[in-house]
Amino acid sequence: MKKILKIVSSVNGAQSKSTQLADAVIEKLLAANPGSTVNVKDLAKQHYEHFHEGHLKVYRGMGEVAQEVVAKVEKVSDDTINEVMDADVIVIGVPIYNFNVPSSLKAWIDHVLRAGKTFSYATGQVEGLVKNKKIYLAVSSGAVYSEGPMQAYNFAEPYLKASLGFVGMTDVTTFWAEGCDMPGYKETALQKAIDRVAV
Ligand SMILES: Cc1cc2nc3c(=O)[nH]c(=O)nc-3n(C[C@H](O)[C@H](O)[C@H](O)COP(=O)(O)O)c2cc1C
């Protein structure tokens, strides 16, 4: 029995290919782990603030910021980190927007990466404090990134692996529906990615 956290970051609702791919991963997880639960976090609906002076105060102790701002930032980040800590498996839907992850997903990550909470330099070397998580990335893109000229533009997956890995989430598996907007690929892109899903 697993506690699954599903992160949606597409703004395309039920039509979203990354969300459909994430759902295919979750379907397999539920079949393999009866009794598992799914906590859905839709970043298109729950907006995280961009990093501001309140975050600097809470994360780094810098600046003078009103106590109510500090309290709000602290609560939102604490709640977000607690959801991550509580999960056994995190399935992240990732549509590629302008060569990277949606800014909503970047903002979520900005609330998860926090010194003393999810990573520490206490020993003199960085230590990720988020242990024992399995991460699945369900990516969809208009273009093809596994081969050809767009290979050099694959910033999203390395960024996600680096930032999640920094806090200890190093066990990452990616499924990718690519060419979703390209004739010759788009007709089968999602189904081919779904067919590759294994958990
Ligand atoms: C604003 C916007 C920017 C996009 N930028 C890119 C891009 O840089 N590279 C790419 O391959 N596809 C890009 N696409 C296409 C999407 O990645 C593709 O349609 C994908 O299937 C969207 O995921 P979704 O179906 O989960 O929403 C973009 C789409 C939108 C709406």
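**View 1. The open sheet and its strand order.** Five strands form an open sheet in the order 2-1-3-6-7, with parallel pairing. Here, helices (H or I, at least four residues) and strands (E, at least two) are DSSP runs numbered from the N terminus, and two strands pair if DSSP finds at least two bridges between them. Strand 2 (37–42) and strand 7 (172–177) are the edge strands, each pairing on one side only. On average, neighbouring strands are turned by 15° against each other, direction ignored. Such angles run from 0 to 180 degrees between N-to-C directions, with axes fitted as lines to C-alpha atoms, for helices over the stretch in contact. This is a predicted model: local features need pLDDT of at least 70 and side-chain atom pairs count only at pLDDT 80 or more, while totals for chains, interfaces and linings use all residues. Residues are numbered from 1 along each chain as its sequence is written, and side-chain values use heavy atoms, leaving out hydrogens and water.

**View 2. Strand 1 meets strand 2.** These two strands pair in the parallel sense over 6 bridges. Look for Ile7, which stands opposite Lys41 in strand 2. Between the two strands the chain passes through helix 1 (residues 17–32), a right-handed β-α-β crossover. Right-handed means that, with the strands pointing away from the viewer, the path from the first strand over the helix to the second runs clockwise.

**View 3. Strand 6 beside strand 7.** Strand 6 (residues 134–140) runs parallel to strand 7, joined to it by 6 bridges. Two facing pairs to find are Ile135 with Val172 and Val139 with Trp176. Helix 5 (residues 156–166) completes a right-handed β-α-β unit with these strands.

**View 4. Helix 3 on the sheet.** Helix 3 (residues 67–86) packs on the sheet and touches strand 1 (3–8), strand 2 and strand 3 (89–95), contact meaning heavy atoms within 4.5 Å. The direction of helix 3 makes about 130° with that of strand 1.

**View 5. Around the ligand.** The ligand is surrounded by 17 residues, each with a heavy atom within 4 Å of it; the closest are Ser10, Ser16, Ser18, Ile96 and Phe99. A polar side-chain atom of Ser16 sits 2.6 Å from a ligand oxygen atom, and a polar side-chain atom of Tyr145 lies 2.8 Å from a ligand nitrogen atom.

Definitions and conventions: Polar contact = N/O pair within 3.5 Å; in protein donor to acceptor, adjacent residues only side chain to side chain.
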